[in-house]
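Open the structure in your viewer and keep the sequence panel beside it. This tour tells you what to select at each stop and what you will find there.

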Amino acid sequence: SNGSTVNSLLPFTTYLFRVAAMTVVGRGPYSEYLTVLTKEDVPSCAPNIVTLKFSSRSVQLNIKRLPFNCWNGQLTQYLVRITENNTGNIINKTFLIQPLLLELNLNVTSLHPYYTYECVVAAATVVGPGPFSVAMSGRTNEDVPDGPPGNITITMVTPYSVALQWNPPTPDKQNGVIVSYTINVMTDDQVQRMVVQSNA
């Protein structure tokens, strides 16, 4: 038997093949066509992140659909990888594909307020993910602190005043720039509230 390998084809593409025999005199009749669909591969290019929209604890990625000539198969999902620059933690999130949409909005939640994040996205077929996009960075918005001040101590007591001292909330609980503190002063029958500016 005879055979040959045809190279440089495209993934997930339908080809028609037929073969003819030749002698020194010329070519004989062609065989019937054989139809072959090449196998899928990973996408050959990356999606494009258009914008990042941050809240205090989430980010919305607006991305353009991958060009058809890069698909190399049936797209199954987008992979979003977010790196938390403050800690180095990596968040991986997958989103099922809606192939007909020209633009997609992908939401990632459970982020930390006032942290800087680097975002990349890749498209995937059943074979696996293609290349990741160029990274885009941004910072989540501020939010109210998640923790109280620490190490509160009394530094002075007079008949008419009490001096207090404390440390700010731990950095991972501040959720932004501390600009002031609220002090509640309570007795049996009343509550007084005062606000003091932060020294930091």
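Select N48 and look across to β6, where the bridge partner of N48 is K64. Everything on this tour belongs to a predicted model, so treat each stop as a feature of that prediction. Next select K53, which stands opposite Q60 in β6. Now show β5 and β6 as whole strands: they pair in the antiparallel sense over 6 bridges. Follow the chain from β5 to β6, and you pass through a hairpin of 4 joining residues.

Keep Q60 selected and turn to β9, because strands can be joined side by side: strands of a sheet pair through backbone hydrogen bonds, either parallel or antiparallel. In β9, the bridge partner of Q60 is N107. Strand β9 covers residues 103-108, and 6 bridges join β6 to β9, the two running antiparallel.

Now colour the three strands together. In what order do the strands of this open sheet lie? The order is β5-β6-β9, with antiparallel pairing. The edge strands are β5 and β9, each of which pairs on one side only. From one strand to the next, the twist averages 20 degrees.

**The second sheet**

Select residues 77-84, which are strand β7, and residues 116-124, which are strand β10. These two strands pair in the antiparallel sense over 8 bridges. To find one point along the pairing, select T83, which stands opposite E118 in β10.

Add β8 and β11 to the view. The result is an open sheet of 4 strands, in the order β8-β7-β10-β11, with antiparallel pairing. At the edges are β8 (90-96) and β11 (136-139), and each pairs on one side only. Here the twist averages 25 degrees from one strand to the next.

**The cysteines**

How many disulfides does a search of the whole structure find? The search finds 1. Select C45 and C70 and show their side chains: a disulfide joins them, with 2.1 Å from S to S. The link of C45 and C70 is right-handed, with 120 degrees about the S-S bond. Trace the chain between the two ends, and you will see that the pair links distant parts of it, 25 residues apart. C45 is in the loop between β4 (34-37) and β5 (48-54), while C70 is in the loop between β6 (59-64) and β7. Are these two cysteines buried or exposed? Both C45 and C70 are buried.

Now select C119, which is in no disulfide. Its nearest cysteine sulfur, that of C45, is 20 Å away. C119 has a relative accessible area of 0%, so it counts as buried.

**Aromatic rings**

Show the aromatic side chains next. A search of the whole structure finds 3 aromatic pairs, and this tour stops at some of them. Y15 and F17 form a tilted pair, with 6.3 Å from centre to centre and 45 degrees between the planes. F17 has 28% relative accessibility, so it counts as partly exposed.

Move on to F68 and W71. Why is this pair called tilted? The planes of the two rings stand at 50 degrees, so the pair is tilted, and the ring centres are 4.8 Å apart. Switch on a surface and look at each partner in turn. F68 counts as exposed because its relative accessibility is 55%. W71 counts as buried because its relative accessibility is 12%.

For another ring, select Y30 together with R18. The charged end of R18 sits over the ring of Y30, 3.9 Å from its centre.

**The nonpolar core**

For the last stop, select L61, Y78 and L106. Of the 25 residues in the largest nonpolar core, these three touch the most other members. Then bring back the strands from the earlier stops: β5, β6, β7, β9 and β10 each supply at least two residues of this core. Which strand gives the largest share? The largest share comes from β10, with 4 residues.

Technical notes. Residues numbered from 1 in each chain as written. Predicted model: local features only at pLDDT ≥ 70, side-chain atom pairs only at ≥ 80, totals over all residues. Heavy atoms only, no water. Pairing = 2+ DSSP bridges. Axes fitted to C-alpha atoms, helices over the stretch in contact; angles between N-to-C directions. Disulfide = S-S within 2.5 Å. Buried < 20%, exposed > 50% of the residue type's maximum accessible area, 1.4 Å probe, protein only. Phe/Tyr/Trp six-rings, centres within 6.5 Å; stacked < 30°, edge-to-face > 60°. Lys NZ or Arg CZ within 6 Å of the ring centre and 35° of its normal. Core = buried A, V, L, I, M, F, W, Y, C linked by side-chain atoms within 4.5 Å.
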